[in-house]
Amino acid sequence: MTKWLDDLFEKNELTFALVWIGIYCTLNSLANPLSDAIGIHSSASLICNSFLTVMLFLWLRKKGMTKYYGLCSPHSPAGRFLWYLPLLLFMSHNLWFGIAVNYPAADTACYILSMLCMGFLEEVIFRGFLFKALAKENVKTAVLISSVTFGLGHILNLFNGSGMDITANLWQIVSAIACGFLFVVIFYGGGSLLPCIAAHSVNNAVSVFANEAALTVEKRILFSAVNFILVAAYAFVLTKTLPKQQSPNPKT
């Protein structure tokens with residue numbers, strides 16, 4: 001398996017990133033109906049995402065590229081990122097309308113652990129692999145493509161058995177594009193994916209306690225709009241205040 005990863009990476013980093021996006025999206029789409037068949041929500045997703053997380057981390061460490069892909073401390077002080085305080089609001093936004101126990105204990109545990117792995121995987125694949133590969137040619141194009149690709153990837157929730165309706169999915173896509181842009185800005189400006197992984201993972205994980213019953217269509221639209229404005233405003237401030245960051249060569 002590692003030999004295959006090595007060969008694919010050495011051949012073309014962009015192809016490497018796209019293959020990983022395909023693998024990740026395909027396996028997670030298949031995992032939802034499989035979890036339903038098992039009878040424990042997110043159980044198959046947990047198995048899949050745990051395996052991919054361990055495999056990717058070990059491969060990055062073996063290749064000596066953990067720092068290149070942002071698995072390191074930020075090189076810029078936290079003050080330049082407003083001490084990441086807006087990320088705390090982002091991480092809690094699924095709980096703004098109250099807390100509910102939506103699943104039994106086993107289902108809840110599987111969901112939380114799967115989402116923690118998912119945050120790691122999506123940041124490494126979309127902000128690490130895809131952005132880094134594209135940024136070699138043009139950083140602005142890389143920011144745009146990686147953000148939009150990440151957002152549009154959520155359209156799979158309409159077809160993978162998640163139960164999401166088209167209106168909710170549309171707002172999810174818009175929000176994900178904004179979040180993708182913010183996380184790219186944080187990664188590019190600070191050289192670290194760790195704040196992005198933490199915010200992404202926690203945000204996803206606590207969604208298991210979201211009080212969906214309290215969300216009318218109007219509230220959902222307002223909720224999504226406020227979250228979008230928060231994320232967009234934070235990203236805009238960072239683009240104006242952060243120093244420019246040049247990506248090092250992974251071979252050095």
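This is a short talk on the salt bridges, the nonpolar core and the surface of the structure above.

Good morning, everyone. One caution before we start: this is a predicted model. Keep that in mind throughout.

Let's begin with charge. How many salt bridges does a search of the whole structure find? The count is 6. I'll walk through three of them.

Start in helix α1, which covers residues 2-11. Asp7 pairs with Lys3 there, and the closest N and O atoms are 2.8 Å apart. Both residues sit in α1, 4 residues apart, or about one turn of the helix. Here is the general rule: an α-helix has 3.6 residues a turn, so residues three or four places apart point the same way. Now look at exposure. Lys3 is exposed, at 54% relative accessible area. Asp7 is partly exposed, at 42%.

Next, one residue back, to Asp6. Its side chain meets that of Lys62 in a salt bridge, 2.9 Å from N to O. This pair links distant parts of the chain: Lys62 belongs to helix α3, Asp6 to helix α1, and 56 residues separate them. Is Asp6 buried or exposed? Asp6 is buried, because its relative accessible area is 14% and the cut-off for buried is under 20%. Lys62 is exposed, at 52%.

The third bridge is in helix α5, residues 105-135. Glu123 bonds to Arg127 in a salt bridge, with 2.6 Å between the closest N and O atoms. Again the two lie in one helix, 4 residues apart, about one turn. What is the relative accessibility of Glu123? The value is 0%, so Glu123 counts as buried. Arg127 is buried as well, with a relative accessible area of 0%. Salt bridges also form a network elsewhere: shared partners join Asp6, Glu10, Lys62 and Lys63.

Stay with α1 for a moment. Which of its residues are buried? They are Leu5, Asp6, Leu8 and Phe9. And what covers them? The cover includes α2, residues 13-38, and α3.

Now the nonpolar interior. The largest nonpolar core has 61 residues. Inside this core, the residues with the most contacts are Trp20, Ile125, Phe129, Leu182, Phe183 and Ile186. Which helix gives the most to the core? Helix α5 does, with 13 residues. As a general point, nonpolar side chains in soluble globular proteins tend to be buried together.

Take Leu182 as a close-up. Set aside its neighbours within four places in sequence. Leu182 is then in contact with Leu87, Val231, Tyr234, Ala235 and Leu238.

Here is a polar residue to compare. Asn204 is in helix α8, residues 194-206. At 14% relative accessibility, Asn204 counts as buried. Its side chain makes a polar contact with the side chain of Asn203, at 3.4 Å. Beyond its neighbours within four places in sequence, Asn204 touches Tyr111, Met115 and Met118.

On to the surface. Six names to find on the model: Leu82, Trp83, Leu85, Leu88, Phe236 and Val237. They form a nonpolar patch there, with about 620 Å² of accessible area together. Which helices each supply at least two residues of the patch? They are α4, residues 85-92, and α9, residues 217-241. Leu85 lies in α4. With a relative accessible area of 48%, Leu85 is partly exposed.

Leu82, from the patch, has another feature. Its phi is near 55°, a positive value in a residue other than glycine. Leu82 is in the loop between α3 and α4. Leu82 is partly exposed, at 36% relative accessible area.

Tyr84 is also in the loop between α3 and α4. Its phi is positive too, about 60°, and Tyr84 is not a glycine. Is Tyr84 buried or exposed? At 16% relative accessibility, Tyr84 counts as buried.

One last residue. Ile47 is in helix α3, residues 43-63. Ile47 counts as exposed, at 60% relative accessibility. From Ile47 to Ser147 is 100 residues in sequence and 27 Å in space, C-alpha to C-alpha.

To close, two places to look on the model. One is the Glu123 and Arg127 salt bridge in α5, with Glu123 at 0% relative accessibility. The other is the nonpolar patch, which includes Leu82 and Leu85. Thank you.

Conventions:
Residues are numbered from 1 along each chain as its sequence is written. This is a predicted model: local features need pLDDT of at least 70, side-chain atom pairs count only at pLDDT 80 or more; totals for chains, interfaces and linings use all residues. Side-chain values use heavy atoms; hydrogens and water are left out. Patches are made of residues with over 30% relative accessible area and no salt bridge: like charges are joined within 9 Å, nonpolar side chains (Val, Leu, Ile, Met, Phe, Trp, Tyr) within 5 Å. Accessible areas come from the Shrake-Rupley method with a 1.4 Å probe; for residues, only the protein chains shown count as cover. A salt bridge is a side-chain nitrogen of Lys or Arg within 4 Å of a carboxyl oxygen of Asp or Glu. Buried means under 20% relative accessible area, exposed over 50%, partly exposed in between (1.4 Å probe, protein chains only). Contact means heavy atoms within 4.5 Å. A nonpolar core is a set of buried Ala, Val, Leu, Ile, Met, Phe, Trp, Tyr and Cys residues joined through side-chain atoms within 4.5 Å. A polar contact is a pair of N or O atoms within 3.5 Å; within protein, one must be able to donate a hydrogen and the other to accept it, and residues adjacent in sequence count only if both atoms are side-chain atoms.
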